[in-house]
Amino acid sequence: LKLSEFKAQVLAGQNMTLGQYLRDQVWPRLALIRLVKNSVSVTDEDLQKAFEANFGEKVDIRMMTVVERRKAEEVWKEVSEQQTLEDRVKLFEDIARRFSTDEATRPYGGKAAPLGRHTVNEQLEKAAFSLEKGDLGSIMQIPGGHLLLLCVDRIPARNDVALDSKVENASNAPDAPEMTYRELLTKDIEQKKIMQE
């Protein structure tokens, strides 16, 4: 984003000058980061979890949230009666588009990015990783309704990379060709911890 575009799109919308933005938005954030930076450390466990989240086994799932328990049971029964994975996926996606209250996945028939470990809700991870290809999970009570999960596939962990491997496909990070995944993940974890503090 060029400075002129930033002024037109962001600052004008907030009725703010660049000086005000720097004073009220940027400087306090930088000051807070500087205050907490020394209290943040990245452990070996943090690195292992981040590595596993990025390169470990994943589960390709379809998911939908239905408000009423009775409707969730009807959907579960209807999908579980399908004999082939292809039929289960097709029916699940169709029902998710019509009835799911999950706005993020509804337009895609319940399709979400493959789920890795250490990335989201522990209960959801446990449920997803307990499923094998084609399995329809038990109905889970969650805030706002009842969650149904369908395992479309299990994606094996990548064995071609290690923590000390050089970062591949580094077009989004200019200094990445010289970095290892350990360094890249350490930076990322440190930033997340700083923001959390």
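Which residue in β4 is the bridge partner of Gln141? The partner is His146. Keep that pair in view, and remember that this is a predicted model.

Start with the strands around that pair. Gln141 belongs to strand β3, residues 140-142, and three bridges join β3 to β4. The two strands run antiparallel. Together they form a hairpin, with two residues between the strands. In this hairpin, Gly144 takes a positive phi near 95 degrees.

Now follow β4 itself. This strand covers residues 145-155. Most of β4 is covered: nine of its 11 residues are buried. It has another partner in strand β1, residues 58-66. Nine bridges join β1 to β4, and this pair also runs antiparallel. For one point of reference, find Lys58, which stands opposite Ile155 in β4. As you trace a strand, keep a general rule in mind: in a regular strand the side chains alternate between the two faces of the sheet.

Next, look at the nonpolar residues. In soluble globular proteins, nonpolar side chains tend to be buried together. Here the largest nonpolar core has 15 residues. Met64, Val75, Val79, Phe92, Ile95 and Leu148 have the most contacts inside it. Four elements give two or more residues each to this core: β1, α4 (69-80), α5 (85-99) and β4. Helix α5 supplies the largest share, five residues. Take Ile95 as an example. Leaving aside neighbours within four places in sequence, Ile95 is in contact with Met64, Val75, Glu78, Val79 and Ser100. There is also a second, separate core of 13 residues. Among its members are Val59, Ile61, Leu124 and Phe129.

Turn to a pair of helices. Two packed helices are described by the angle between their axes and the distance between the axes. Helix α2 (residues 18-37) packs with helix α7 (residues 181-196) at an angle of about 105 degrees. Their axes are 9 Å apart. An angle from 65 to 115 degrees counts as roughly perpendicular, so that word describes α2 and α7. Which residues meet there? From α2 come Arg29, Ile33, Val36 and Lys37; from α7 come Glu190, Ile194 and Met195. By class, this contact has four nonpolar, no polar and three charged residues.

Finish with Gln9, which lies in helix α1, residues 3-11. Is Gln9 buried or exposed? Gln9 counts as exposed because its relative accessibility is 55%, and the cut-off for exposed is over 50%. Now compare its position with that of Val152. The two residues are 143 residues apart along the chain, and their C-alpha atoms are separated by 42 Å.

Definitions and conventions
Residues numbered from 1 in each chain as written. Predicted model: local features only at pLDDT ≥ 70, side-chain atom pairs only at ≥ 80, totals over all residues. Heavy atoms only, no water. Buried < 20%, exposed > 50% of the residue type's maximum accessible area, 1.4 Å probe, protein only. Pairing = 2+ DSSP bridges. Axes fitted to C-alpha atoms, helices over the stretch in contact; angles between N-to-C directions. Parallel < 35°, antiparallel > 145°, perpendicular 65-115°, else oblique. Contact = heavy atoms within 4.5 Å. Nonpolar A, V, L, I, M, F, W, Y, C, P; charged D, E, K, R; others polar. Core = buried A, V, L, I, M, F, W, Y, C linked by side-chain atoms within 4.5 Å.
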